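Subject: Structure handover

Hello,

Here is the structure I promised you. Please open it alongside this message; my notes follow below.

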Amino acid sequence: MTQLQHWAIDPFDIVWKNFFDVNSTFNTIENKINYPVDIYETDKGLRFELAVVGLDKADIDIQVEGDTLRIKHEKQDQEARQYIQRGIAKRSFDLAWKVAIKFNLASLEAKLEKGLLIIDIPYADEQAPKKIKIK
């Protein structure tokens, strides 16, 4: 299981507070992020996929601060329009995750593909899963 913490909140702390207070401001990660993001572990490491349709590479800022991955986009002011229907969410975002030490944040790779920002973080060499042969 991947060990991620969102905004430096301990998952045990979240569960504990939610158990006693249903209306607590401490919610699970899924309830905190209001931007379309998928995070999953692959055989090579950890993968983040963010829906960034309509954004260019220059519009997105990716930073690594210690064990924290931060992805930002500042929405540029657009001319006022009279919309008939408005369904495309063109909003700013500032997302951050604490990433477990078993992943090497210094070696992350990012690419923009078909409207998805894909960030791959490989396992740290000493932490990568190893297959052990039985003698």
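β2 and β3 make a hairpin, with three residues between the two strands. Keep in mind that this is a predicted model. The two strands run antiparallel and are joined by five bridges. Across the pair, Ile39 stands opposite Phe48 of β3.

The hairpin belongs to a wider sheet. Four strands form this open sheet, in the order β2-β3-β8-β7, with antiparallel pairing. β2 (37-41) and β7 (109-113) are the edge strands; each has a single partner, so one side of each has no neighbour in the sheet. On average, neighbouring strands here are turned by 15 degrees against each other, ignoring direction. At the other end of the order, β7 and β8 run antiparallel and are joined by five bridges. One bridge pairs Glu109 with Asp120 in β8.

Next, the chain as a whole. It holds two helices and eight strands. Reading from the N terminus, the order is β-α-α-β-β-β-β-β-β-β. The chain has 135 residues, and 26% of them count as buried. Its accessible surface is about 10,200 Å², with 51% belonging to carbon and sulfur atoms. Take the contacts with a separation of 6 or more: residues 24 or more positions apart account for 56% of them.

Now the interior. The largest nonpolar core has 21 residues. Those with the most contacts inside this core are Phe48, Leu50, Val52, Leu69, Ile71, Phe93 and Ile121. Four elements give two or more residues each: β3 (45-51), β5 (68-73), β6 (93-99) and β8 (116-122). β6 supplies the largest share, four residues. Phe48 links two parts of this story: Phe48 is on the list of core residues with the most contacts, and Phe48 also faces Ile39 across the hairpin.

What does Ile121 touch, leaving out residues up to four places away in sequence? The list is Lys44, Gly45, Leu46, Phe48, Leu69, Phe103, Asn104, Leu105 and Leu108. Two of these partners, Phe48 and Leu69, are themselves among the core residues with the most contacts.

Two charged residues deserve a look. The first topic is Glu49, which lies in strand β3. Is Glu49 buried or exposed? Its relative accessible area is 15%, and buried means under 20%, so Glu49 counts as buried. The side chain of Glu49 makes a polar contact of 2.7 Å with the side chain of Tyr40. Leaving out residues up to four places away in sequence, Glu49 touches Pro36, Val37, Asp38, Tyr40, Leu116, Leu117 and Ile118.

The other topic is Lys72, in strand β5. Lys72 has 25% relative accessibility, so this residue counts as partly exposed: the class between under 20% and over 50%. Lys72 and Asp61 are 11 residues apart along the chain, yet their C-alpha atoms are separated by 5.1 Å. Not counting residues up to four places away in sequence, Lys72 touches Asp59, Ile60, Asp61, Gln63, Phe93 and Asp94. Phe93 ties Lys72 back to the core, where Phe93 is one of the residues with the most contacts.

If you have a moment in the viewer, start with Glu49 and Tyr40, whose side chains are joined by that 2.7 Å polar contact. Then follow the sheet order β2-β3-β8-β7 across to the far edge.

Best wishes

Technical notes: Residues are numbered from 1 along each chain as its sequence is written. This is a predicted model: local features need pLDDT of at least 70, side-chain atom pairs count only at pLDDT 80 or more; totals for chains, interfaces and linings use all residues. Side-chain values use heavy atoms; hydrogens and water are left out. A nonpolar core is a set of buried Ala, Val, Leu, Ile, Met, Phe, Trp, Tyr and Cys residues joined through side-chain atoms within 4.5 Å. Buried means under 20% relative accessible area, exposed over 50%, partly exposed in between (1.4 Å probe, protein chains only). Contact means heavy atoms within 4.5 Å. Accessible areas come from the Shrake-Rupley method with a 1.4 Å probe; for residues, only the protein chains shown count as cover. Two strands pair if DSSP finds at least two bridges between them. Axes are lines fitted to C-alpha atoms, for helices over the stretch in contact, and angles run from 0 to 180 degrees between N-to-C directions. A polar contact is a pair of N or O atoms within 3.5 Å; within protein, one must be able to donate a hydrogen and the other to accept it, and residues adjacent in sequence count only if both atoms are side-chain atoms.
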